[in-house]
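The exercises below take one protein model and work from a single residue outward to the whole chain. Please attempt each task with the coordinates open before reading the solution that follows it.

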Amino acid sequence: MDRKYIDCRDYPSESGCTVAISADSEDELVEAAAQHAVQVHGHQDGPELRAMLRDGAKSGAPAA
C-alpha cells in the first residue's frame, strides 16, 4: 500500500501554509486534512471539501 499525502505548499494561500499531512489510508488522510483545512484555513467541512481533498491526495511522500 502506498502512503498518501496532501501538501499545503501545492495550494497557495494567504497564510503561506507549509504543512504536509500523510497517512497510510486515503480515508485517514482526508479526515486529518479536513480538520486542518477547517481549523487553520477557515474552510467549511462537508462533502465538497472532502471530495476536493480526496482528489488532491498523492501517492508517496511530500518533498522535503
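**Exercise 1. Place lysine 58 in the fold and describe its surroundings.**

Lysine 58 belongs to strand S3, which covers residues 58-59, where strands (E, at least two residues) and helices (H or I, at least four residues) are DSSP runs numbered from the N terminus. The model is a predicted one, in which local features need pLDDT of at least 70 and side-chain atom pairs count only at pLDDT 80 or more, while totals for chains, interfaces and linings use all residues. Residues are numbered from 1 along each chain as its sequence is written, and side-chain values use heavy atoms, with hydrogens and water left out.

The next step is accessibility: lysine 58 counts as partly exposed because its relative accessibility is 34%, given that buried means under 20% relative accessible area, exposed over 50%, and partly exposed in between (1.4 Å probe, protein chains only). For its partners, with contact meaning heavy atoms within 4.5 Å, lysine 58 touches Arg3, Lys4, Tyr5 and Asp10 when residues up to four places away in sequence are not counted. Of these partners, aspartate 10 is 48 residues from lysine 58 along the chain, and their C-alpha atoms are separated by 11 Å.

**Exercise 2. Decide how many disulfides the model contains, and explain the result.**

Begin with the criterion, which is that a disulfide is a pair of cysteine sulfur atoms within 2.5 Å. The sulfur of cysteine 8 has its closest cysteine sulfur in cysteine 17, at 3.7 Å, and this is too far for a bond. Cysteine 17 is likewise in no disulfide, the nearest cysteine sulfur being that of cysteine 8, 3.7 Å away. The count by this rule is therefore zero disulfides.

To complete the description of the pair, cysteine 8 is buried, with a relative accessible area of 16%, and cysteine 17 also counts as buried, at 13% relative accessibility.

**Exercise 3. Which residues are in contact with histidine 36, leaving aside its neighbours within four places in sequence?**

Histidine 36 is located in helix H1, residues 26-41, and is buried, with a relative accessible area of 13%. Its contacts beyond those neighbours are Cys8, Cys17, Val19, Ile21 and His41.

Following one of these contacts, valine 19 sits in the loop between strand S1 (4-7) and strand S2 (20-23), and counts as partly exposed at 34% relative accessibility. With neighbours within four places in sequence again left aside, valine 19 is in contact with Ile6, Asp7, Cys8 and His36. The C-alpha atoms of valine 19 and aspartate 7 are 6.2 Å apart in space, although the two residues are 12 apart in sequence.

**Exercise 4. Summarise the chain as a whole.**

Taking the secondary structure as the starting point, the protein has two helices and three strands, and along the sequence they follow the pattern β-β-α-α-β.

For the overall dimensions, a compact globule of 64 residues would have a radius of gyration near 11 Å, and the protein agrees with this at 11 Å; the radius is taken over C-alpha atoms, and the globule rule is 2.2 Å times the number of residues to the power 0.38. Along the principal axes, the C-alpha atoms fill a box of roughly 30 × 25 × 15 Å.

As a last step, consider burial and contact range: buried residues make up 28% of the 64 residues, and, among contacts with a separation of 6 or more, 46% are accounted for by residues 24 or more positions apart.
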